[in-house]
Amino acid sequence: MKKPGKFFYPLIIMAVFEAVAVALWITKDNIFYLFNFSYIGLSVSLGIFLYIAGNKHARRVVQLLVGLYMLVYLGLMRRENMQIEGFWYFLFTGVFEAATIHYAVAKIFGPLIFGRGWCGYACWTAMVLDFLPYKVPENPRRKLGWIRYVTFALSIIFVSALFLAKAADIEKIMFWAFIAGNIAYYAAGIALAFLFRDNRAFCKYICPVTVFLKPASYFSAIRIKCKKDRCVNCGRCRSVCPMNVDMTDNSRKRKNGTECILCMECVKNCPKDAL
Ligand code: SF4
Ligand code: SF4
Ligand code: SF4
């Protein structure tokens with residue numbers, strides 16, 4: 001069978017995002033959604049094109065294009081709190097707008113299709129953490145994943161308290177919470193990366209968003225699979241994985257299976273083209 005050309009997958013992805021963009025533009029009667037999802041679709045398509053063309057910075061290009069757009073344009077300029085607190089805020093007010101739509105698409109239902117692609121290609125926290133020196137963890141993983149449930153609970157408690165206390169100018173508080181939350185995430189993420197010699201330590205132990213991401217990505221349609229007939233069990237793939245996934249095991253229950261961020265490092269490094 002003829003191999004699809006370089007533009008095939010980028011165009012398919014662009015079409016999917018365009019369909020979402022137009023559907024939301026029409027149903028919500030807001031042209032912002034057309035611009036927003038077209039921009040993200042274009043960024044992701046460009047990244048896929050660069051990856052197919054063999055550019056080794058493809059993932060980082062998408063991460064910077066989408067991450068900076070969300071942090072600077074949506075977060076700081078449009079004052080949309082796209083962190084988990086913003087999601088609770090809009091959910092409690094019953095508004096199905098930017099933050100709730102973002103969570104539904106990228107973090108709650110989307111991972112059923114693209115797993116934790118958000119974490120590999122769009123998150124503005126990881127966008128900075130991935131610049132740090134420990135791209136491959138230098139220490140074994142620790143049993144600290146329970147912390148994510150504490151931070152998850154704290155995010156609900158914080159927003160609930162604002163509503164219960166009938167805080168004045170809650171929108172302003174949410175904007176400053178976005179700034180303070182990001183500073184705290186960056187500070188904790190950078191400190192943990194150096195402490196554990198692992199750029200993604202924050203993702204593995206602290207990030208509350210993983211409480212949404214992990215269960216859905218267990219069922220992800222897109223996942224790394226190993227062609228057993230080609231694999232020589234050299235272990236190279238596991239040694240370069242930033243998230244400690246055992247990608248040579250094809251079962252859904254594989255070790256750290258819900259941690260895969262689809263960074264493709266294992267695929268790029270397999271000497272036998274087995275992934
Ligand atoms: S785990 Fe959290 S901080 Fe890490 S990439 Fe995913 S959403 Fe971002
Ligand atoms: S790098 Fe390739 S050949 Fe080596 S263990 Fe992984 S899948 Fe198998
Ligand atoms: S190296 Fe492979 S298994 Fe590990 S996170 Fe990246 S894509 Fe997933």
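The shell around ligand 3 is made up of 12 nonpolar residues, 1 charged residue and no polar ones. Keep in mind that this is a predicted model. The shell around ligand 1 has a somewhat different make-up, with 7 nonpolar, 2 polar and no charged residues. Below are some details on both ligands, plus one helix pair.

**Ligand 3**
- In total, 13 residues surround ligand 3.
- Four cysteines, Cys 241, Cys 260, Cys 263 and Cys 266, are among the closest, and Val 245 joins them in that group.

**Ligand 1**
- Cysteines turn up here as well: Cys 119, Cys 123, Cys 203 and Cys 207 are around ligand 1.
- The rest of the residues around ligand 1 are Thr 125, Ala 126, Phe 202, Val 209 and Thr 210.
- Two helices chip in with at least two shell residues each: H8, covering 124-129, and H11, covering 201-205.

**Helices H4 and H9**
- H4 (residues 84-93) packs with H9 (residues 147-164), their axes 9 Å apart and the angle about 45 degrees.
- Angles under 35 degrees would count as roughly parallel and 65 to 115 as roughly perpendicular, so H4 and H9 are oblique to each other.
- The crossing of H4 past H9 is right-handed.
- On the H4 side, the contact uses Ile 84, Glu 85, Trp 88, Tyr 89 and Phe 92. Facing them from H9 are Ser 155, Ile 156, Phe 158, Val 159 and Phe 163.
- Sorted by class, that contact of H4 with H9 comes to 8 nonpolar, 1 polar and 1 charged residues.

Notes. Residues are numbered from 1 along each chain as its sequence is written. Chains are lettered from A and ligands numbered from 1 in the order in which they are written. This is a predicted model: local features need pLDDT of at least 70, side-chain atom pairs count only at pLDDT 80 or more; totals for chains, interfaces and linings use all residues. A residue is near a molecule or strand if its C-beta atom, placed from the backbone, lies within 6 Å of it. Ala, Val, Leu, Ile, Met, Phe, Trp, Tyr, Cys and Pro count as nonpolar, Asp, Glu, Lys and Arg as charged, and the others, Gly among them, as polar. Helices (H or I, at least four residues) and strands (E, at least two) are DSSP runs, numbered from the N terminus. Axes are lines fitted to C-alpha atoms, for helices over the stretch in contact, and angles run from 0 to 180 degrees between N-to-C directions. Angles under 35 degrees count as roughly parallel, over 145 as roughly antiparallel, 65 to 115 as roughly perpendicular and the rest as oblique. A crossing is left-handed if the near helix is turned anticlockwise from the far one by less than a right angle, and right-handed if clockwise. Two residues are in contact if their C-beta atoms, placed from the backbone, lie within 7 Å.
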